[in-house]
Each structure stands twice: as structure tokens, then as C-alpha cells.
Amino acid sequence: MRYIPNTVTDCQEMLGAIGVGSIDDLFADIPATLRLQRDLNLPAPHSEMEVVKTLRALSAMNASVEEYVSFLGAGAYNHFIPAVVKHLIARGEFLTAYTPYQPEISQGTLQAIFEFQTLICQLTGMDVANASMYDGASALAEAVLMGQRVNNRSHVLISRAVHPDYRQVVQTYTQQLDISLQEVGITAQGKTNIEAIQAAISDQTSSVVVQYPNFFGVIEELSVLADAAHQHGAIVIVTVPEPVSLGLLAAPGQFGVDIVIGEAQAFGNNLSYGGPYVGFFGIKNDPKGKILRKMPGRLAGETTDADGNRGFVLTLSTREQHIKREKATSNICTNEALCALACTIHLCLLGKQGLKELALQNFQKAEYAKQAIRALPGYELLFQGPTFNEFAVKTPFAVDVINQKLLEHKIIGGVNLRQFYPDFGETMLFCVTEQHAKAEIDALVNVLHTIERESEVL
């Protein structure tokens, strides 16, 4: 009974307590035609040793970044994680802690959250940050909903250069609400078309959404976008899926944007097949705090107790589990505390200079790879604008063919952009981080060149 908590006797006692003779009687309201009339088709049980061997064999079928050189990015970034990060978050008091429903006895967790909020404000140039969101995509959707709460408008302009998955999540959140989404096109430089925004924006526009750097790694002109939006009273929302870029780029808050959200996976968190990740959410606050009270999620604040000692609390909480119920700003019911802690530790280890050096390495290595690939016959950059970490390339062959050839050399190639942008043709998005050695980048270029030579022979 190691893995079955309730014995047959336990079950009979519980059924008897509620006046039901059997499990079948318990589900009598479900029509017989909808019930499974046979046992589940499951294999025979295995010992723990056999299960471990099976799981390891399945795991070995995956191509991991420990065995392959990966040039994937698009919202999930392979950065180095110092050993101390995993060591600290594995401590029992952190690893087993859940969201602080009783803040007064969760001082350590609350302080960790408070420090995370502080670092996010410093990183983004915003006034207030919350205790984290589920991930960057849902954080963007929450920001769009917050924008509507602030100005009571229903029209949203969202750049086509925002991550396609993020845009899809926003669509899912808003499709049953009185919110209309309008996508804005991209210029030849790979930036959001400001003229298109100026033509589409009106006094009914709730928010304008852009990504920084955008999905193609191109650096957006936030000051111009912010000016265009603010002329009509619209809120500017900036999403930052790759926050390492902020080690080199000016913080979004310096351009007068209203909400900055993003994904903090790049700091201290593994790729992990897409999760769990940790979204961040920062705002520019107004003097009366009206905007602050419309921010979703949790907010840890610093205070003093009756004896004047420093302490931490959950403050300005408008969550549905507390007093607001259906009037809550969001149905987000927890925060990614452990992932946020990993982010906090990593940022503290880096410091300002370390973050700048990390960003510089990412930029320089990506530029080296970009120039080497564009020099190959048949390859050209999709956009000419300045980029960070990622860049889009037009290819002379089908991207799927190229990526299959790269896999034969234990190289995971770039993202096939055709799945998101069919009008681009055969294009792929490469990502280069500090994890890539020069020899690995050269190997990528050599394989691409080999494909070119093989095609000439054929």
C-alpha cells in the first residue's frame, strides 16, 4: 500500500458515512452509456528499479542542450546557471514553501519576494513590480486586461513582432470579452510600423503592445511608440521575453512606457521543456496609487512591527481568494515563488557589471554568428535593424531540411519562422548566447556551407 493512501476498509467506511453502498452508487447520476464498462488497459505493475530504467530510456530519446549545441531561442534561452542558485533554492525552507497565505509567519518567503520585486524595478526602470506571474505570455494578457481596467477602453493594438505565442495567449484571454485586438505590421527593418500605429490609434485605443527586443531580436524605438500612444491617452505595454538584453539596452521605463512585463527564465531557471517559468510585471505608478490597485497578482511590501522591527506583508491585495471575489483584478491565485527566487539569486550574483558583461557576450557572439551566416551563398538577413541575441535569416533551402542536416551533427538549428509567418517564405530564427563557444558557432556555419556544396553536386 505504499502508493495507495486508502485501503478497501477506508473506502467502505467513507461510503458508509455518506450513506452510499458502493462506488457505482456514488456515480449513479452518470448514465451507464457514458461509463467505462471494463478495467483500464494498463500494463502490469513494475518495480521501482524497472520504472527508473524505463524513464531513463525515454529521457535518452530527447536531444538535450548538454549533448547537443542548440541555437533555439524564441522565448526560451539557454543561459549558464551558477551552481549556487540550485544549491540555495533546494534548501527545504524554500523548496517546500508555498504561496504565503499567512504572511505573518512567512517572513523569509516574503522577503525573497520583496527582493525579487526590487530587482525587477531596477532592471526595467519601473516604479512597482508584483510578486511574479505564471509566465511571460499570461503576464502580457494580464497587462492588456489591466489596461482596459485603467482607461475603460476596448481597442488594443499589438505588434506583429510580438512573440506569436504571447499574442495567441492574449487572444485566448480576451476573445470572450469586450476587447478587440488589431495587429500592426512590421517594417523592412523588422521594427513595428509606427506609421501604421499612428493611422490605427484612436481615442478608443486602450493599449499599444510591443516587444523589446522583438521576436526577431530587433530593437524597437520605444520613445517614438510611447509618444504616439500617449497622444491619444493609450497605455504602452512592453514585453521583454529576454531580460538579459537589459544589461545593454536602456530600461523600458526610461522611455515613459506604462507597463513592462516579461519572462525571467533567463535568470537562474532551466529551459525545462517550457516551464515552469516566471513572469514579471512592473508599472509606472500614479501619485494617488489608482493604477497600482489595478495591478494583478500579489505585492509584498516592507513595513515595521509594533516594536519598530523591519517586516514584510502582502499589501494592496485584490485577489479573489480574499475580499474581492468577482471584483478581483485577476484570477491568478499564486506566484512562481521558487522560480522567482532563482531569478533573484542569479541577478544578485551577477550585479550590474556582471549583467552588462553577460549581455555584451550575448550580443558579440550573436553578431559573429550573424555575419558568418550572411556571408554564406544563398543566405541573407531577413531584417537589417540592430538585434540582440537573435536574428532572422532567409535560407536557400527548406528550413526543415537544414535542421534535419544539423541534427545529424548534433546541432539543434533555429526556429522555422514559416509556422508563424507563412508570408516570410523559408526563414529561420537563430539564437546565440554566452553558452556558445566560437568553435560551436563555426561548426554551425560549416554545416550550413556543407549543405550548399552538396546541393551544387546534386
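**Exercise 1. The open sheet**

Task: In this predicted model, state how many strands form the open sheet and in what order they lie. Then find which strands are at the edges.

Solution:
- Step 1. The open sheet is formed by 7 strands.
- Step 2. Their order is β2-β8-β7-β6-β5-β3-β4, and the pairing is mixed.
- Step 3. β2 (128-129) and β4 (180-184) are the edge strands, since each of them pairs on one side only.

**Exercise 2. A pair inside the sheet**

Task: Decide whether β3 and β5 pair in the parallel or antiparallel sense, and name the residue of β5 that stands opposite H155.

Solution:
- Step 1. β3 covers residues 155-159 and β5 covers residues 205-211.
- Step 2. Over 4 bridges, these two strands pair in the parallel sense.
- Step 3. Opposite H155 stands T205 in β5.
- Step 4. A helix also meets these strands: α7 (residues 136-151) packs on the sheet and touches β3, β5, β6 (235-240), β7 (259-263) and β8 (279-283). The direction of α7 makes about 165° with that of β7.

**Exercise 3. Two helices in contact**

Task: Classify the packing of α7 and α8 from their angle, give the handedness of their crossing, and describe the contact by residue class.

Solution:
- Step 1. α7 and α8 (residues 164-174) pack at an angle of about 45°, and their axes are 8 Å apart.
- Step 2. Angles under 35 degrees count as roughly parallel and 65 to 115 as roughly perpendicular. The two helices are therefore oblique to each other.
- Step 3. Their crossing is right-handed.
- Step 4. On α7 the contact is made by G136, A137, S138, L140, A141, E142, V144 and L145. On α8 it is made by Y166, V169, V170, Y173 and T174.
- Step 5. By class, this contact of α7 with α8 has 9 nonpolar, 3 polar and 1 charged residues.

**Exercise 4. A covered strand**

Task: For β15, determine how many residues are buried, which residues lie on each side, and how β12 and β14 pair with this strand.

Solution:
- Step 1. β15 (residues 427-431) is mostly covered, with 5 of its 5 residues buried.
- Step 2. In a regular strand, side chains alternate between the two faces of the sheet.
- Step 3. In β15, T427, L429 and C431 are on one side, and M428 and F430 are on the other. These residues are all buried, so both faces are covered (buried means under 20% relative accessible area).
- Step 4. β12 (residues 390-394) runs antiparallel to β15 and is joined to it by 5 bridges. K394 stands opposite T427.
- Step 5. β14 (residues 415-416) also pairs with β15 in the antiparallel sense, over 2 bridges. The bridge partner of V415 in β15 is L429.

Terms used
Residues numbered from 1 in each chain as written. Predicted model: local features only at pLDDT ≥ 70, side-chain atom pairs only at ≥ 80, totals over all residues. Heavy atoms only, no water. Pairing = 2+ DSSP bridges. Contact = heavy atoms within 4.5 Å. Axes fitted to C-alpha atoms, helices over the stretch in contact; angles between N-to-C directions. Parallel < 35°, antiparallel > 145°, perpendicular 65-115°, else oblique. Left-handed = near helix turned anticlockwise from the far one by under 90°. Nonpolar A, V, L, I, M, F, W, Y, C, P; charged D, E, K, R; others polar. Buried < 20%, exposed > 50% of the residue type's maximum accessible area, 1.4 Å probe, protein only.
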